[in-house]
Amino acid sequence: MIKLLVADDHTLVREGLKQILSAAADLQVAGEAIDGDEALRKVREAEFDVVLLDMSMPGLSGIDLIKRLKLEKPKLKVLVLSMHGEQQYAVRAYKAGASGYLTKDSASAQLVAAIRKVAAGGVYISAAGAEQLAIGAMGQTEPESDALPHRSLSDREFEVFRMLVGGTTITDIADALHLSVKTVSTHKTRVLQKMNMASTAELVRYALENRLLDGPAGA
C-alpha cells in the first residue's frame, strides 16, 4: 500500500484527488495538509511514501517547501501537482528534490501512474520536463534575446518573487519563510535588479505575461 499525504490549500481539490485515488486499491490518502507548515508537521508525525504537493499554498510553499520536506525525510518522495507549466517551474522542483511534476490538467490515469512510479523509486518526467532538464544538463543556454529574466533568480529570490507577485506583503513573506524583514527586502531589491524592473507592479505585469501568477483555482 502506498501511503499518501495530499497537501493543497483548496478543499475541493483535496476532495477531488481523494475521490480519484480511492479507485486505486494500492493507494491510500493517509493524511491531508492545507499549507506548508502543516505538511511539515504531518511528515514529522507520521510515515508517508509520497507527498502530493501543490506548489503555491499560503505560507511556506514551492521550492523551499520541497527542500524542507526532503530535509525532514530524505527518502520521502515528492510529486508536485501544479497549475503552472513545466517549462516555468519543473526544473527548479526537480533540482530541489521532487521526484515528479504534473500539471493539474493531467488525466487521472497519468496521476496514478506517476504516483506509482515515484513510490517505486523512479522519476516521473514528461516530454516537456525532460527537454528542459536535458538543456540544463548539456549546459545549453538560450540566446540572450530569448532568456527570461526570472530564470536568473536563485531559488530563494524566486520564492520571494512568486510571493510578491501573489500579493503577499514583505512582513508576511518574512514570517512564511522564517526570515527577517530586512533580509526579504534585500531579496526584493535583488529581484528587481536582476529582472531590470523598478517596482512590484512591473513584476506583476511580467508574471501575468509569462503565466507565472497563480490563478483563482490555486496552483
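## The central sheet

Five strands form an open sheet in this structure, in the order β2-β1-β3-β4-β5, and their pairing is parallel. At the edges sit β2 (27-33) and β5 (100-103), each of which pairs on one side only. From one strand to the next, the twist averages 25°. Please keep in mind as you explore that this is a predicted model.

Let's look at one pair inside the sheet. Strand β3 (residues 50-53) and strand β4 (residues 77-82) run parallel and are joined by 4 bridges. Which residue of β4 stands opposite Leu-52? The partner is Leu-79. As background, strands of a sheet pair through backbone hydrogen bonds, in either a parallel or an antiparallel way.

## The chain as a whole

Now for a step back to the wider picture. The protein chain has 10 helices along with its 5 strands. Of its 219 residues, 43% count as buried.

How do contacts link parts of the sequence? Taking the contacts in the protein chain between residues at least 6 apart in sequence, 65% join residues at least 24 apart.

## A helix across the sheet

Helix α5 (residues 108-119) is a good one to find next. Helix α5 lies across β1 (2-7), β2, β3, β4 and β5. Relative to β4, helix α5 runs at about 160°.

## Where two helices meet

Helix α5 also packs with helix α1 (residues 11-21), at an angle of about 80° and with the two axes 10 Å apart. That angle makes α1 roughly perpendicular to α5, because angles of 65 to 115 degrees count as roughly perpendicular.

Which residues make this contact? From α1 come Leu-17, Ile-20 and Leu-21, and they meet Ser-108, Leu-111, Val-112 and Ile-115 of α5. By type, the residues in the contact of α1 with α5 divide into 6 nonpolar, 1 polar and no charged.

## A residue after helix α10

Our last stop is Asn-210, found in the segment after α10 (200-209). Is Asn-210 buried or exposed? Asn-210 has a relative accessible area of 17%, so it counts as buried, a label that applies under 20%.

What does the side chain of Asn-210 reach? At 2.9 Å lies the backbone oxygen of Tyr-206. You can look for this pair in the structure by starting from the side chain of Asn-210 and following it to the backbone of Tyr-206.

Terms used:
Residues numbered from 1 in each chain as written. Predicted model: local features only at pLDDT ≥ 70, side-chain atom pairs only at ≥ 80, totals over all residues. Heavy atoms only, no water. Pairing = 2+ DSSP bridges. Axes fitted to C-alpha atoms, helices over the stretch in contact; angles between N-to-C directions. Contact = heavy atoms within 4.5 Å. Buried < 20%, exposed > 50% of the residue type's maximum accessible area, 1.4 Å probe, protein only. Polar contact = N/O pair within 3.5 Å; in protein donor to acceptor, adjacent residues only side chain to side chain. Parallel < 35°, antiparallel > 145°, perpendicular 65-115°, else oblique. Nonpolar A, V, L, I, M, F, W, Y, C, P; charged D, E, K, R; others polar.
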